[in-house]
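Here's a quick walk through the model, from the overall fold down to a single side chain. Keep the viewer open while you read.

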Amino acid sequence: MDILDHLAKDEKVTRKARQLRTMIIVFIPLFTLQFWLGMSINLEINLPVEHFSAVESVIYFSSHFPMILAHILTGSLIAILAIVFLAVSLTSSTRSFAIIGIIGMSAVIGATVNGILFLMTGQFFGNSIGMAMSAVVALITYLTGLYKME
């Protein structure tokens, strides 16, 4: 490997690190908004106990409660960003970024599953805690990535 190949590889790593850093910075306000929406829904809105399937629950509650729709849309943005982060981190040559991407995506999946179960089970508190704790794990994981880049 000559010096030009080495410099080209370093430039690729630097570009991917900048992309990952930008995504982490975007995660922070999204998670903050998501947390606020979730806590507001949990404390302020009395959801009727309906026993629908997962898809029916999401459709029913998002069409009847605008704040839940906002929560679902914000969560969808977080999930899309987590998928992109995972893809970029797996193609980077840094193992720690890949681990952060995998743990972060797993936590986002955990929050999503608990959110859907929360709607399906009539606001079971365990799913609310599971949703919140998964989101906290995801945020801490991504913030660790930001620290790792410094």
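## Charges and surface

How far apart are the mean positions of the positive and negative charges of the protein? In this predicted model, they sit 12 Å apart, with 8 charges of each sign going into the calculation.

As for the outside, about 8700 Å² of the protein is exposed, and 71% of that comes from carbon and sulfur atoms.

## Overall layout

If you're hunting for strands, there are zero; the protein has five helices instead. Reading from the N terminus, the order is simply α-α-α-α-α. Along its principal axes, the C-alpha trace spans about 65 × 25 × 25 Å.

Of the 150 residues, 37% are buried. Take the contacts with a separation of 6 or more: 71% of them are between residues 24 or more positions apart.

## The cores

The largest nonpolar core holds 21 residues, and Phe 27, Phe 31, Phe 85, Val 108 and Tyr 142 have the most contacts inside it. Two or more residues each come from α1 (3–44), α3 (66–91), α4 (95–120) and α5 (125–149). Helix α3 gives the largest share, with seven residues. Apart from this core there's another one of ten residues, including Phe 61, Ala 111, Phe 118 and Met 131.

Want one residue to click on? Try Phe 27: leaving out residues up to four places away in sequence, Phe 27 touches Ile 78, Leu 81, Ala 82, Phe 85 and Tyr 142.

## Aromatic rings

Rings are worth a look too. The protein has nine aromatic pairs. Ring pairs tie Phe 27, Phe 31, Phe 85 and Tyr 142 into a cluster, and these four names also appear among the residues with the most contacts inside the largest core.

## A closer look at Leu 119

Now over to helix α4, where you'll find Leu 119. Is Leu 119 buried or exposed? Leu 119 has a relative accessible area of 8%, so it counts as buried, the cut-off being under 20%.

What does Leu 119 touch, once residues up to four places away in sequence are set aside? The list is Leu 47, Glu 50, Ser 57, Val 58, Phe 61 and Ile 68. One of these, Phe 61, belongs to the core of ten residues. For a distance to check in your viewer, go from Leu 119 to Phe 65: they are 54 residues apart along the chain, and their C-alpha atoms are separated by 12 Å.

Methods: Residues are numbered from 1 along each chain as its sequence is written. This is a predicted model: local features need pLDDT of at least 70, side-chain atom pairs count only at pLDDT 80 or more; totals for chains, interfaces and linings use all residues. Side-chain values use heavy atoms; hydrogens and water are left out. A nonpolar core is a set of buried Ala, Val, Leu, Ile, Met, Phe, Trp, Tyr and Cys residues joined through side-chain atoms within 4.5 Å. Buried means under 20% relative accessible area, exposed over 50%, partly exposed in between (1.4 Å probe, protein chains only). Helices (H or I, at least four residues) and strands (E, at least two) are DSSP runs, numbered from the N terminus. Contact means heavy atoms within 4.5 Å. Accessible areas come from the Shrake-Rupley method with a 1.4 Å probe; for residues, only the protein chains shown count as cover. Lys and Arg count as positive and Asp and Glu as negative; His and the chain ends are not counted. The place of a charge is taken as NZ of Lys, CZ of Arg, CG of Asp or CD of Glu. Rings of Phe, Tyr and Trp (its six-membered ring) pair if their centres lie within 6.5 Å; planes under 30 degrees apart count as stacked, over 60 as edge-to-face and the rest as tilted.
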